[in-house]
Structure formats: C-alpha cells, structure tokens
Amino acid sequence: FRIAVLASGRGSNLRALLDAIAGGRVHAGVVGVFSDRPGCRALDLARAAGLPAVAVSPRGFASRAAHDEALFSEVAAVQPDLIVCAGYLRIIGEDAVRRFMPRMINIHPSLLPHHPGLDTHARVLAAGDREHGASVHVVIPALDAGPVLAQVRIAVRPGDDPASLAARLLPREHALLSACVGLIAEGRLQPDTECPRLDGVPL
Ligand code: GRF
C-alpha cells in the first residue's frame, strides 16, 4: 500500500507515521514526501530515511493551479494509493483535489466542523471551548470540510495557552493519523465513507 505524504513544516506527523510503519503497526510504505517549502524539516526527515523527497516551491508559478499541477504530477508519478497531508500548509486547488478525491486525507488540529483553518489552538481558547481535538478527514475542494474519518478529543484545562494545548494534542494527533492510515491500508476504513466503523479501535 503506497503512501505519498505532503508536508510543509517540521514533519512530526511524518515521523510518527514512519515509526508506525517501522514498528509493524501500519502495513504500508511511504513512497515519497512532497512539499511546497524546499528547506522544511519534513523533507530532511524524508531524505534521512532514504525516501524520495521532492520540493516544488510556488515561486515562479503564475497561478495556484500551475503550481498544483507541477507538484501533483510528481505525486502521481509515485502512483500512491493514498495521499496524506501531514501539515501541508498550502491550500490545494479544486482541480488537484478532484484528481485524487477521495484518496487524499488531511490531519487537522481541531474537532471539525469546529475551527477549520489556521490558529486552531488560540481559537479554541478564545471561544471558551471545554474540549479540543484533532480530526482526520477526506480532502474535498472546500477547506477542512471533507467527511471526517476519525477524531481524538482532549479536555481544555484551566491555565491552558495555545502552546500547552498544541503540545498535549500533538501525540494524540500522531496516534490518530497512524491509526487511520493503518486502517485504510488494511481496507478497514474507506476514505469515501462518512460514517466509518471504528468500534473497538484504540486511537
Ligand atoms: C499538525 O498540528 C497538523 O495537525 C497541522 O499542522 C501540524 C503539522 O505538524 N495540520 P508536523 O509538521 O506534522 O509536525
């Protein structure tokens, strides 16, 4: 089961996924890591793991669609069964999304449909939410709006700030993403299903 990972940043979700694969918890292989940010740590991590690491900067492209086309033709070349957006911070245009839908998933740090977009930890606190969490969802053209495959929840504690919330959520995100990818690879979770059966699956 071939996985392509898209990332823009530090790559901790990528690392967690690679660890889960190495540990035999996810029966799949990462066949390439793709980024819009040439210097990002996720790409360093991929290279250190001996994986194809491809950066396509949006600089010099006339449009979002032109950049998407360049990046996603590289992604398509590795023939992925699943594309995992793990901290890919650029909006993906509709044509590229539709090309792979529903075989592209994203990890988002909120309990969707609450708080799509950026700065979720600060917005959870500003809203006075008592719960926070992360969601894995199918990528559709509307931002962070695709069918949710699974979520994890954490309590918001008195005295939390955005950094403490983010730090407490991150390991749960890692477990959630790896669990979802593992289930999809085994055919137990269908990315096109809105109500997956996750009974008994420890996330
Ligand atoms: C994660 O919080 C993820 O949910 C969000 O961006 C962050 C990426 O972190 N989309 P990392 O690059 O995987 O460490």
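Modeller: A residue is near a molecule if its C-beta atom, placed from the backbone, lies within 6 Å of it. This is a predicted model, in which local features need pLDDT of at least 70, side-chain atom pairs count only at pLDDT 80 or more, and totals for chains, interfaces and linings use all residues. Residues are numbered from 1 along each chain as its sequence is written.

Colleague: Which residues surround the ligand most closely?

Modeller: There are 14 residues around the ligand, and G9, S12, N13, G87 and P109 are the closest. Helix 1 (12-22) and strand 5 (104-108) are the elements that give two or more residues to this shell, where helices (H or I, at least four residues) and strands (E, at least two) are DSSP runs, numbered from the N terminus.

Colleague: What makes helix 1 oblique to helix 6?

Modeller: The axes of helix 1 and helix 6 (residues 162-185) cross at roughly 50° and come within 9 Å, the axes being lines fitted to C-alpha atoms over the stretch in contact, with angles running from 0 to 180 degrees between N-to-C directions. Angles under 35 degrees count as roughly parallel, over 145 as roughly antiparallel, 65 to 115 as roughly perpendicular and the rest as oblique, and therefore helix 1 is oblique to helix 6.

Colleague: How do you know which residues of helix 1 and helix 6 meet?

Modeller: Two residues are in contact if their C-beta atoms, placed from the backbone, lie within 7 Å. On that criterion, S12, N13, A16, L17 and A20 in helix 1 meet residues of helix 6 including L170, E173 and H174.
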